[in-house]
Amino acid sequence: MASRRTRWFGALLAAWCVLAVASCGGGATSEPTPSPVANQTVVEFPGLAQPAGFGVDGAGNLYVLDNAGCCAPPVRVLKLAKGSAAPQVLPFTGLSFAAEKLSVDPSGNVLVLDGGRVVSLMNGAATSTELNPESGPASQAGGVAACCGGKAYIIAADGVWLVGADGARQQLPFTGLDGPRVSAADVSGALYVVDTNPELHDATAQDRNRVLKLAPGAAGIAVVAKYGRAGEFEPVAVAAADSTVYVADSAQRRVLAFGADGAEPTTMPFTGLQAPAGLGVDAQGGLYVFDSSTGRVLILDQSAGDR
């Protein structure tokens with residue numbers, strides 16, 4: 001029969017295990033569970049068939065490019081106004097099943113990358129227009145970012161171009177791209193591109209991706225960040241605000257924030273995020289991530305200092 005001292009010691013050891021939240025038998029620990037975030041809100045985006053692109057304007061209105069990939073329903077762009085539960089179909093015409101990317105500027109002007117062409121719809125316009133021609137400079141676009149008053153950054157095989165709403169185009173000193181993945185512009189007009197790091201061609205190497213920035217009027221690009229092994233980091237969207245660059249990583253189901261100080265990125269405290277597929281920020285600094293698996297938009301109110 002165990003002595004009183006032995007029983008007392010066993011009880012004390014059991015209590016210590018509970019307080020330490022540890023496993024006393026096998027020594028294995030589980031992944032930490034994210035704590036609930038009080039300033040996260042969730043918006044359901046109803047009526048989607050197959051989301052292909054996501055954007056947010058400065059007022060917090062939400063936009064989704066919906067492309068089922070065949071027959072019906074037709075390819076469309078839906079806008080869900082802030083506070084509304086019913087999205088409206090925007091008057092884009094002639095979008096094909098090749099439509100794959102969407103970008104929105106702070107004023108609510110919308111761009112769609114449809115195959116190699118860029119289609120624009122100015123806020124309040126009755127119909128869409130095509131910004132880049134079938135041939136010539138900036139044709140066969142591979143990336144697009146809406147910018148400042150209806151202008152568009154177009155990433156094409158022959159370089160990066162800034163195209164105005166009137167069709168005027170200017171080639172930019174954005175050179176040396178190795179494999180651009182996603183792009184976005186901030187409210188100042190700076191362009192951000194997540195690109196494959198050309199310094200590394202070993203799939204197991206660190207810093208497989210890099211974030212590049214071209215500020216308005218700058219003579220060349222700046223490397224904002226380098227991060228992630230191939231297969232462990234899959235950038236699917238980028239956004240920027242107040243010197244912070246956000247990158248959605250589908251491999252780890254997270255959103256990373258890269259600061260201007262070059263330090264290691266931090267993981268934004270979203271909860272319940274399953275398949276990040278789009279990012280955006282509003283004029284108040286709110287951070288939005290679209291979850292393609294659920295059709296929900298998760299929003300972090302960063303006014304409390306979670307940036």
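## A hairpin to start with

How many bridges join β22 to strand β23? Five bridges do, and the two strands run antiparallel. Before going further, please keep in mind that the model you are looking at is predicted. To find the pair in your viewer, look for β22 at residues 276-281 and β23 at residues 287-291.

Together β22 and β23 make a hairpin, with five residues between them. In the turn sits glycine 285, whose phi is positive at about 90°. A handy register mark is proline 276, which stands opposite aspartate 291 in β23. Strand β22 is also mostly covered, since five of its six residues count as buried.

## The chain as a whole

Now for the wider view. The chain holds one helix and 24 strands. It has 307 residues, and buried residues make up 44% of them. The accessible surface comes to about 14900 Å², and carbon and sulfur atoms account for 54% of that area.

What share of the contacts between residues at least 6 apart in sequence joins residues at least 24 apart? For this chain the figure is 41%.

## An open sheet of four strands

Strands β6, β7, β8 and β9 form an open sheet in the order β6-β7-β8-β9, with antiparallel pairing. Its edge strands are β6 (99-104) and β9 (129-130), each of which pairs on one side only. As a general reminder, strands of a sheet pair through backbone hydrogen bonds, either parallel or antiparallel.

Within this sheet, β6 and β7 are linked by five bridges in the antiparallel sense. If you would like a residue pair to check the register, alanine 99 stands opposite aspartate 114 in β7.

## A covered strand with two partners

Is strand β16 mostly covered or mostly open? This strand, residues 209-214, is mostly covered, with five of its six residues buried.

One partner of β16 is strand β15 (residues 191-196), and the two pair in the antiparallel sense over six bridges. Here valine 194 has valine 211 of β16 as its bridge partner. Another partner is strand β17 (residues 222-227), joined to β16 by five bridges and also running antiparallel. On that side, leucine 212 stands opposite valine 223 in β17.

## Alanine 248 and its surroundings

Alanine 248 belongs to strand β19 (residues 244-249). Why does alanine 248 count as buried? Its relative accessible area is 0%, and the cut-off for buried is under 20%.

Which residues does alanine 248 touch, apart from its neighbours within four places in sequence? The contacts are Glu234, Pro235, Val236, Ala237, Arg254, Val255, Pro276 and Leu279. Two of these names take us back to the hairpin described at the start: Pro276 and Leu279 are contacts of alanine 248, and β22 covers residues 276-281. For a distance to check, the C-alpha atoms of alanine 248 and phenylalanine 290 are separated by 9.7 Å, although the two residues are 42 apart along the chain.

## Two positive phi values in a loop

Just before β19 there is a loop worth a look in your torsion plots. Aspartate 242 lies in the loop between β18 (235-241) and β19, and serine 243 is found there too. Most residues other than glycine have a negative phi, and most peptide bonds are trans. Against that background, aspartate 242 has a positive phi near 50°, while the phi of serine 243 is positive and near 65°.

Are these residues buried or exposed? Aspartate 242 counts as exposed because its relative accessibility is 58%, and serine 243 counts as exposed at 57%. The cut-off for exposed is over 50%.

## One cavity

Rolling a probe the size of a water molecule over the atoms shows where empty space is left. A search of the whole structure finds one cavity of 30 Å³ or more, and the volume of the largest cavity is about 30 Å³.

Its lining is made up of Asp105, Asn109, Val110, Leu111, Ser120, Met122, Ala146, Cys147, Gly150 and Lys151. By class, that lining has five nonpolar, three polar and two charged residues. Strands β7 (110-114) and β10 (141-147) each supply at least two of the lining residues. Strand β7 has already appeared in this report, as a member of the open sheet β6-β7-β8-β9.

Technical notes
Residues numbered from 1 in each chain as written. Predicted model: local features only at pLDDT ≥ 70, side-chain atom pairs only at ≥ 80, totals over all residues. Heavy atoms only, no water. 1 Å grid on protein atoms, 1.4 Å probe; cavity = no way out; pocket = protein on both sides within 12 Å on 5 of 7 lines; lining within 4 Å. Points joined across faces, edges and corners; volume = space filled by probe spheres on them. Nonpolar A, V, L, I, M, F, W, Y, C, P; charged D, E, K, R; others polar. Buried < 20%, exposed > 50% of the residue type's maximum accessible area, 1.4 Å probe, protein only. Contact = heavy atoms within 4.5 Å. Areas by Shrake-Rupley, 256 points an atom, 1.4 Å probe, with all protein chains shown as cover. Pairing = 2+ DSSP bridges.
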